[in-house]
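Subject: Structure handover and what was found in it

Dear colleague,

Please find the structure below, followed by my notes on it. I would be glad if you read the notes with the coordinates open beside them.

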Amino acid sequence: MLEESRPIRLTRGELMPTCRHCLGTFTRDQFIHGNGPRAQVCIRCAVEMKIATEEEVANLYSEKLRNARLSLVARRYSMFLYIPVLWTLWGMYISSVDPWGLYFLLILIGLTLFAPAWFFIRSAHFAGNMARLTPEYERPKGH
Ligand SMILES: [Zn+2]
């Protein structure tokens, strides 16, 4: 009861609990319930130490889920890596080739101008995919 009425200031980190095994600081929902050996143990340590099963902790970010999320983020931001690489290649090799230097320059300018627009156009799609790769979890009352 007291726990619920208190304001949750998780973003400032003051009330974020620390796991006593890995010393990691996570939000409350990243901890398992219970007393004794189960007290103050994060879900990842609990699964690794076989205190809790993987089915029991619904919001564990498994290897598969972690890789899927990482590749999603990598795909979203990779164009900002490719465009400078293409510009460098153009400057080093293609700019001196007579008609193609100009054609590639126009393509590169188009790509560079289009990239931020595409980034914002795809942001809803990205948020949807990220939500799909976020485990469903409802915090139990009083926890
Ligand atoms: Zn831990």
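The expected span of a helix, as used here, is 1.5 Å times one less than its number of residues, and helices (H or I, at least four residues) and strands (E, at least two) are DSSP runs, numbered from the N terminus. On that basis helix H5 (residues 98-121), with 24 residues, reaches 35 Å from its first C-alpha to its last, close to the 34 Å expected at 1.5 Å a residue. H5 nevertheless bends by about 35 degrees at Ala115, and a proline, Pro116, follows within four residues; the bend at a residue is the angle between axes fitted to the seven residues ending there and the seven starting there.

Two conventions apply throughout. This is a predicted model, in which local features need pLDDT of at least 70 and side-chain atom pairs count only at pLDDT 80 or more, while totals for chains, interfaces and linings use all residues. Residues are numbered from 1 along each chain as its sequence is written.

As for confidence, pLDDT is the predictor's confidence in each residue, from 0 to 100; the chain has a mean pLDDT of 86, and 87% of its residues reach 70 or more. Over residues 1-8, however, the pLDDT is below 50, and beyond near neighbours in sequence this stretch has three contacts in the model, a contact being a pair of residues whose C-beta atoms, placed from the backbone, lie within 7 Å. Where pLDDT is low, the predicted coordinates should not be read in detail.

Overall, the chain has six helices and zero strands, which gives the pattern α-α-α-α-α-α when read along the sequence. Of the contacts in the chain with a separation of 6 or more, 33% are between residues 24 or more positions apart. Buried residues make up 4% of the 143 residues, where a residue is buried if 20 or more other C-beta atoms lie within 10 Å of its own, exposed if 12 or fewer, and partly exposed in between, with C-beta atoms placed from the backbone.

The largest nonpolar core (a set of buried Ala, Val, Leu, Ile, Met, Phe, Trp, Tyr and Cys residues joined through C-beta atoms within 7 Å) has six residues in all, namely Phe31, Val41, Cys42, Ile43, Ala46 and Val57. Leaving aside neighbours within four places in sequence, Ala46 is in contact with Ile32, Val41, Ile51, Ala52 and Val57.

Returning to the helices, zero of the 24 residues of H5 are buried, so H5 lies largely in the open. Likewise, the number buried among the 15 residues of H3 is zero, so H3 lies largely in the open. H3 reaches 21 Å from its first C-alpha to its last, close to the 21 Å expected at 1.5 Å a residue. Arg75, in helix H3, is exposed, because 12 other C-beta atoms are within 10 Å, whereas Phe126, in helix H6 (residues 123-132), is partly exposed with 15. These two residues, Arg75 and Phe126, are 51 residues apart in sequence and 9.7 Å apart in space, C-alpha to C-alpha.

Finally, two backbone angles deserve a look. Most residues other than glycine have a negative phi. Leu23, in the loop between helix H1 (2-5) and helix H2 (43-48), has a positive phi of about 60 degrees although it is not a glycine, and Leu23 counts as exposed, because it has 9 C-beta neighbours inside 10 Å. Lys50, in the loop between H2 and helix H3 (63-77), also has a positive phi of about 60 degrees, and Lys50 is exposed, with 7 other C-beta atoms within 10 Å.

With best regards

Note on methods:
Contact = placed C-beta atoms within 7 Å.
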